[in-house]
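Visitor: Could you take me through one part of this model up close? I'd like to hear what sits around a couple of loop residues and a helix.

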Amino acid sequence: MGKKIIFGLVGQIASGKDTVADYLEKKYQAKRISFSGMLRDILNRLFLPINRKNLVATSEIIRKQFGQDLMAKVIAEEVKKSDAKIICLPNIRRNQDIKYLSKIPGFILVHITAEPKIRYQRLINRRENIDDKNKTWAQFIRDSKLPTEVTIKQVAKKAKYTIDNNGSLNELHEQVEKILKKHKK
C-alpha cells in the first residue's frame with residue numbers, strides 16, 4: 001500500500017461512523033482524526049459538559065467567527081502531516097468539511113446509512129455524550145434538525161461509496177473491506 005487511504009465518513013447521528021473508525025483503528029492501525037475531537041478538546045479545556053448542545057454551539061461559534069472552513073483546514077493539515085497509511089475522518093457533515101480534504105490524494109468520501117429507529121437505539125446504548133442515555137425519540141428527531149445535521153444529505157450525495165449499516169457488525173466490516181480492497185492497489 002503505497003499511498004494513504006483517507007476515509008471521510010459522512011452519515012447521520014449514530015449511523016456507524018465511529019464504529020467504522022474503531023474497526024479501521026483496531027485492524028489496520030488507522031489514525032482517527034475527528035472534527036468532533038477538536039470540539040471535545042475545547043469543551044474539556046473549558047470544563048463544560050460534552051453534550052450535543054455544547055458540541056453544536058462550539059462548532060457554530062468557531063465557524064461564524066473564524067470561517068466555515070477553519071476546522072477543515074486544521075483537519076486537512078493533520079491528514080497531510082500524518083504518516084499513517086490509513087486515516088479515518090468519522091465526522092464529516094458539511095461541504096466545507098471536504099473543501100481541502102477532497103484535494104488530498106487518497107481521499108474517499110463514504111456515506112454510512114442506517115434506519116432512524118436503529119440509529120436511535122444505538123445512540124442511547126452507546127452513551128457517547130452525557131445526554132445520550134436519557135434521550136427521548138422526540139429529542140433524537142429534534143437533534144436531526146440541528147445545524148450540524150441538516151447538511152449531511154447534501155454532502156452524502158458527493159460520496160463515492162455508500163455503506164448500509166442496518167445489518168450486523170460483520171456485514172458492516174465486509175463492506176469496509178470491499179472499499180479498502182479497491183483502494184489498496
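Guide: Here is a walk through two loop residues and one helix. This is a predicted model, so local features need pLDDT of at least 70 and side-chain atom pairs count only at pLDDT 80 or more, while totals for chains, interfaces and linings use all residues. Residues are numbered from 1 along each chain as its sequence is written, and side-chain values use heavy atoms, with hydrogens and water left out.

Let's start with leucine 101, in the loop between strands S3 (86–92) and S4 (107–113); helices (H or I, at least four residues) and strands (E, at least two) are DSSP runs, numbered from the N terminus. Leucine 101 has a relative accessibility of 1%, so it counts as buried (under 20% relative accessible area, with exposed over 50% and partly exposed in between, using a 1.4 Å probe and protein chains only). Setting aside neighbours within four places in sequence, leucine 101 contacts Phe35, Ile75, Ala76, Val79, Leu89, Ile92 and Phe107, where contact means heavy atoms within 4.5 Å.

Phe35 also turns up among the buried residues of helix H2 (residues 35–45), alongside Ser36, Met38, Leu39, Arg40 and Leu43. That buried set packs against helix H3 (52–66), H4 and S3. After H2 comes phenylalanine 47, with a positive phi near 55°.

Serine 82 is in the loop between H4 (70–81) and S3. Serine 82 is buried too, at 9% relative accessible area. Its side chain reaches the backbone nitrogen of alanine 84 at 3.1 Å. Not counting residues up to four places away in sequence, serine 82 touches Lys4, Lys31 and Ile87.

Methods. Polar contact = N/O pair within 3.5 Å; in protein donor to acceptor, adjacent residues only side chain to side chain.
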